[in-house]
Amino acid sequence: MRSTDKTTEAARVMSICNACRYCEGHCAVFQAMELRLEFNSDTLDYLANLCHNCGACYHNCQYAPPHEFQLNVPAAMAELRQENYGVYAWPGFMGKLFANNGLWVSFLSIVVITLFLGGTAILTGDDFFSAHDNAFYGVISHDVLAAMFGAVGGFVLLALLVSIVKFWRTMNLPSPFRLDYPRVMQGIKDALSLKYLDGGNGQGCSYPSETPSMARRWFHQMTFWGFMLCFAATSSATVLHYGFDLPAPYGYLSLPKLFGILGGFGLIVGPAGLLILKARADAAPKGKTNKGMDVSFLVLLFLTSLTGLCLMFVRDTQYVGVMLSIHLGVVMTLFLSMPYGKFVHGFYRLIALIVFAVEKNDHKQVVGVCSDKKAA
Ligand code: HEM
Ligand code: SF4
Ligand code: SF4
């Protein structure tokens, strides 16, 4: 178990809330809290990932500043979340990248895009500013692309998998074969619907201001589903390439294109909306967290789809080389930063919501049970 400033503050906050319980209707955090008398770091990591930072409990709290208790549940949870992303990162020393996230992601993107532009210019020589018969593969061959993204993708998957297993174990879940599947489905449903961004009464969360609003939920849904559709576009293109010997580029009515256009639209509107809300949001419920981590992830998602859509329009022109290099640079930066940036929150939140569904069904604590109680 760890003991840090963030865990100490989150435990203090939860102990006061557990005596008050005024906010129990708001969200899963308070219902999970009520099953407990003590808050160790495992329990607090679980509660932090259950908190959707909707702000409702901050605006309704009689102990919030200027009260001497200075109670701010969303801030305590957001700061702890930021800390635990680093704790579960693999390899461990890379966890430091969660601090100053925006800075190193910006630096990485400049380096990677420059490398792509320079590499492509050297490889294509005089043809850098020419249209190519076979569009992208006339600029960089399929085999080179597959080798580069395959190698990076393999490492990213491994890093994500190890982090997820570490968090899974802390959450005390059994092996995937022994899971309570109806509860897993409930957790997935709560994650996909972003249930706890509804403020507890279906009116929406207190974000960006105290007035309830569904805006964050809708923009997040567009971002999430946009991302999933772009993933489906790449996967269907891979199946067409290897399974049916049909290489890119594809027509406008093909599956990769339809998924890509729809997903690209979601991934432009969603992150842009979230960025605008963030610029207007009350600072207090967010706490002293690294705003750069959210912003850099949002900007990368936005640029991935913007450059992807631009590439679609210029693919038969002399600008294909420049646009492809910029797009690949942005996608590569997104890939490399995935295990060490905001992307990881999706997995931890999903696992926390599955645990909550199990605890709620069984009316007993799963996370944070000390080993002697587990044996009993
Ligand atoms: C299991 C699924 C997911 C759940 C339950 C979830 C939930 C949340 C919640 C509650 C927030 C607001 C609190 C915070 O800033 O941490 C958030 C923020 C965010 N999520 Fe997700 N998320 C999921 C997956 C994803 C995925 C797959 C993406 C995109 C690839 C994504 C993109 C974002 C972004 C960009 C933010 C920052 C938004 C902002 O700063 O306002 N999320 N997510
Ligand atoms: S946030 Fe404030 S009002 Fe809500 S349960 Fe905690 S102490 Fe009570
Ligand atoms: S900020 Fe919202 S989600 Fe987080 S504990 Fe408060 S009411 Fe629950």
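Leaving aside its neighbours within four places in sequence, which residues is Cys 51 in contact with? Select Cys 51 and you'll find Val 29, Pro 74, Met 77, Arg 81 and Arg 349 in contact with it, where contact means heavy atoms within 4.5 Å.

Before you click on: this is a predicted model, where local features need pLDDT of at least 70, side-chain atom pairs count only at pLDDT 80 or more, and totals for chains, interfaces and linings use all residues. Residues are numbered from 1 along each chain as its sequence is written, chains are lettered from A and ligands numbered from 1 in the order in which they are written, and side-chain values use heavy atoms, with hydrogens and water left out.

**Stop 1: around Cys 51**

Stay on Cys 51 and show the cartoon. Cys 51 sits in the loop between helix 3 (41–50) and helix 4 (56–60); helices here are DSSP runs of H or I, at least four residues, numbered from the N terminus. Cys 51 is buried, at 8% relative accessible area; buried means under 20% by that figure, with a 1.4 Å probe and protein chains only. Now pick Val 269 as well: 218 residues separate the two in sequence, and their C-alpha atoms are 25 Å apart.

**Stop 2: Leu 50 and the core**

Step back to Leu 50. Beyond its neighbours within four places in sequence, Leu 50 has contacts that include Ala 28, Val 29, Arg 349 and Phe 356. Leu 50 is also one of the residues with the most contacts inside the largest nonpolar core, which has 84 residues. Such a core is a set of buried Ala, Val, Leu, Ile, Met, Phe, Trp, Tyr and Cys residues joined through side-chain atoms within 4.5 Å. Others to light up in that group are Met 14, Phe 30, Tyr 46, Leu 47 and Val 73.

**Stop 3: Arg 2 and its partners**

Next, select Arg 2. Its side chain forms a salt bridge with Asp 45, the closest N and O atoms being 2.9 Å apart; the term takes a side-chain nitrogen of Lys or Arg within 4 Å of a carboxyl oxygen of Asp or Glu. Arg 2 is in the segment before helix 1 (5–20) and Asp 45 in helix 3, 43 residues apart. Both Arg 2 and Asp 45 are buried. Add Glu 83, and you'll see another salt bridge to Arg 2, at 3.0 Å from N to O. Over the whole structure, the search finds 10 salt bridges.

**Stop 4: Lys 278 and Asp 294**

Move to Lys 278. Asp 294 forms a salt bridge with Lys 278, with 3.0 Å between the closest N and O atoms. Asp 294 is in helix 12 (residues 291–314) and Lys 278 in helix 11 (residues 255–280), so this pair ties together parts 16 residues apart in sequence. Asp 294 is buried at 7% relative accessible area, and Lys 278 is buried at 7% too. Select Lys 286 and Lys 342 along with them to see a network of salt bridges linking Lys 278, Lys 286, Asp 294 and Lys 342.

**Stop 5: ligand 1**

Keep Lys 278 selected and show ligand 1. Of the 21 residues around ligand 1, the nearest are His 220, Lys 278, Lys 342, His 345 and Arg 349; a residue counts if one of its heavy atoms lies within 4 Å. Zoom in on His 345, where a side-chain N or O atom is 2.8 Å from a nitrogen atom of ligand 1. Finish on Arg 349, with a polar side-chain atom 3.0 Å from an oxygen atom of ligand 1.

Note on methods
Helix = DSSP H or I, 4+ residues; strand = E, 2+ residues; numbered from the N terminus. Buried < 20%, exposed > 50% of the residue type's maximum accessible area, 1.4 Å probe, protein only. Polar contact = N/O pair within 3.5 Å; in protein donor to acceptor, adjacent residues only side chain to side chain.
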